[in-house]
Amino acid sequence: VMLALLVWNLCTTWWLFCVSESIGTRLFTLIGPNVGNVLVMSVPWLLMRIVRRRFGGRWARWALLVFWTAFERFHMHWDLSWPWLTLGNVFAGHTAWVQWYEWTGHLGGTVWAWAANIAVLGVLLDTAAAGRARPVTLRSLAAFAVIALPLALSLARYATFRESGDPVGVVLVQPDVDPYTEKFGGVDPMAQLDRMLAQAEPLMDSSTALVVMPETALQEPPTLENADGRLVLHGLWENDLGGSLSVGRI
């Protein structure tokens with residue numbers, strides 16, 4: 001299982017090796033995150049093996065669905081989050097298939113992908129056990145329903161959806177910051193942010209509801225201040241965004 005997970009990680013995140021850095025940095029960038037991710041990904045499979053020993057394969061497969069979904073939920077909310085391989089994100093190129101994400105979020109897609117695979121696997125195992133092609137069974141119909149019903153409901157909602165409410169304005173800012181010569185050390189972070197705000201300002205009016213800027217807008221070096229004998233750390237911290245200079249400037 002760990003070998004399969006490693007192959008999957010390498011095949012989907014090989015582009016980490018393409019950064020314009022030394023060969024040592026490139027190898028660390030590729031190998032470090034992938035090996036760490038494989039170790040974390042193996043936990044749901046380990047738990048599944050425990051369930052299989054006690055309750056059998058059928059229960060273990062559905063337990064794996066629960067364990068994997070919990071793993072993805074956890075992997076999105078800790079300090080080493082890695083959302084790129086979340087299964088539900090695979091449908092980003094086919095949004096008409098998953099209009100029900102507005103209720104379930106992307107984890108609903110993860111559950112759908114696992115449920116479809118487990119249901120089809122059950123049909124194939126039944127067929128293999130029989131040694132020949134079997135007629136349509138209740139399990140076959142259930143596997144078809146797991147795949148077809150969410151898809152049909154989503155396509156119907158996509159085809160019948162109508163926008164409502166008043167239009168709003170959205171401003172997109174693309175400052176074209178070079179990550180090698182400007183972003184990290186070449187140009188002061190606050191100067192980069194000021195350039196983005198200057199780009200957005202003439203395009204904003206009373207209808208503007210959203211201004212979208214790249215993550216480069218939120219970056220600043222950490223500083224340590226002596227406040228009456230008490231050390232105070234300033235910078236961009238998730239639990240203290242109010243103290244960030246860039247957030248305050250925005």
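1. A word on one term before we start: the radius of gyration here is taken over C-alpha atoms, and the globule rule is 2.2 Å times the number of residues to the power 0.38. For a compact globule of 250 residues that rule gives a value near 18 Å, but this chain has 24 Å. Along its principal axes, the C-alpha trace spans about 75 × 50 × 40 Å.

2. Some ground rules for reading along. Please keep in mind that this is a predicted model, in which local features need pLDDT of at least 70 and side-chain atom pairs count only at pLDDT 80 or more, while totals for chains, interfaces and linings use all residues. Residues are numbered from 1 along each chain as its sequence is written, and side-chain values use heavy atoms, with hydrogens and water left out.

3. Now the overall layout. The chain holds 9 helices and 4 strands; helices (H or I, at least four residues) and strands (E, at least two) are DSSP runs, numbered from the N terminus. In sequence order the pattern reads α-α-α-α-α-α-β-α-α-β-β-β-α.

4. Next, surface and burial. The accessible surface comes to about 16,800 Å², and 65% of it belongs to carbon and sulfur atoms; these areas come from the Shrake-Rupley method with a 1.4 Å probe, and for residues only the protein chains shown count as cover. Of the 250 residues, 28% count as buried. Buried means under 20% relative accessible area, exposed means over 50%, and partly exposed lies in between (1.4 Å probe, protein chains only).

5. On contacts and charges: among contacts between residues at least 6 apart in sequence, 58% join residues at least 24 apart, where contact means heavy atoms within 4.5 Å. The chain has 17 positive and 20 negative charges, and their mean positions are 26 Å apart. Lys and Arg count as positive and Asp and Glu as negative, while His and the chain ends are not counted. The place of a charge is taken as NZ of Lys, CZ of Arg, CG of Asp or CD of Glu.

6. Trp68 is a good residue to click on. Trp68 sits in helix α3 (residues 57–75) and is buried, at 2% relative accessibility. Beyond residues up to four places away in sequence, Trp68 touches Leu5, Trp8, Met41, Pro44, Trp45, Leu87, Thr110 and Trp114. Its C-alpha atom is separated by 8.5 Å from that of Thr110, 42 residues apart along the chain.

7. Phe71 is also found in helix α3. Is Phe71 buried or exposed? At 8% relative accessibility, Phe71 counts as buried. Leaving aside neighbours within four places in sequence, Phe71 is in contact with Val40, Met41 and Pro44. Phe71 and Pro44 are 27 residues apart along the chain, with their C-alpha atoms separated by 6.9 Å.

8. Following Trp68 across to helix α5, we come to Thr110, which is buried at 0% relative accessibility. Which residues does Thr110 contact, neighbours within four places in sequence left aside? They are Trp68, Thr69, Glu72, Thr86, Leu87 and Gly88. Thr110 and Thr69 are 41 residues apart in sequence and 6.8 Å apart in space, C-alpha to C-alpha.

9. Val123 lies in helix α5 too (residues 106–130). Val123 counts as buried because its relative accessible area is 18%. Not counting residues up to four places away in sequence, Val123 touches Arg139, Ser140 and Ala143. Compare Ala227: 104 residues separate Val123 from Ala227 in sequence, and the C-alpha to C-alpha distance is 68 Å.

10. Turning to the strands, β1 (residues 169–172) has alternating side chains: Gly169 and Val171 point to one face and are buried, while Val170 and Leu172 point to the other and are not. β1 pairs with β2 (residues 208–212) in the parallel sense over 4 bridges; two strands pair if DSSP finds at least two bridges between them. Gly169 stands opposite Thr208 in β2.

11. Asp176 deserves a look in the loop between β1 and α7 (179–183). Asp176 has a positive phi of about 55° although it is not a glycine. Asp176 is exposed, with a relative accessible area of 63%.

12. Finally, the hairpin. β3 (residues 223–227) and β4 (residues 230–234) run antiparallel and are joined by 5 bridges, with Glu225 partnered by Val232 in β4. The hairpin has 2 residues between its strands, and Asp228 in the turn has a positive phi of about 55°.
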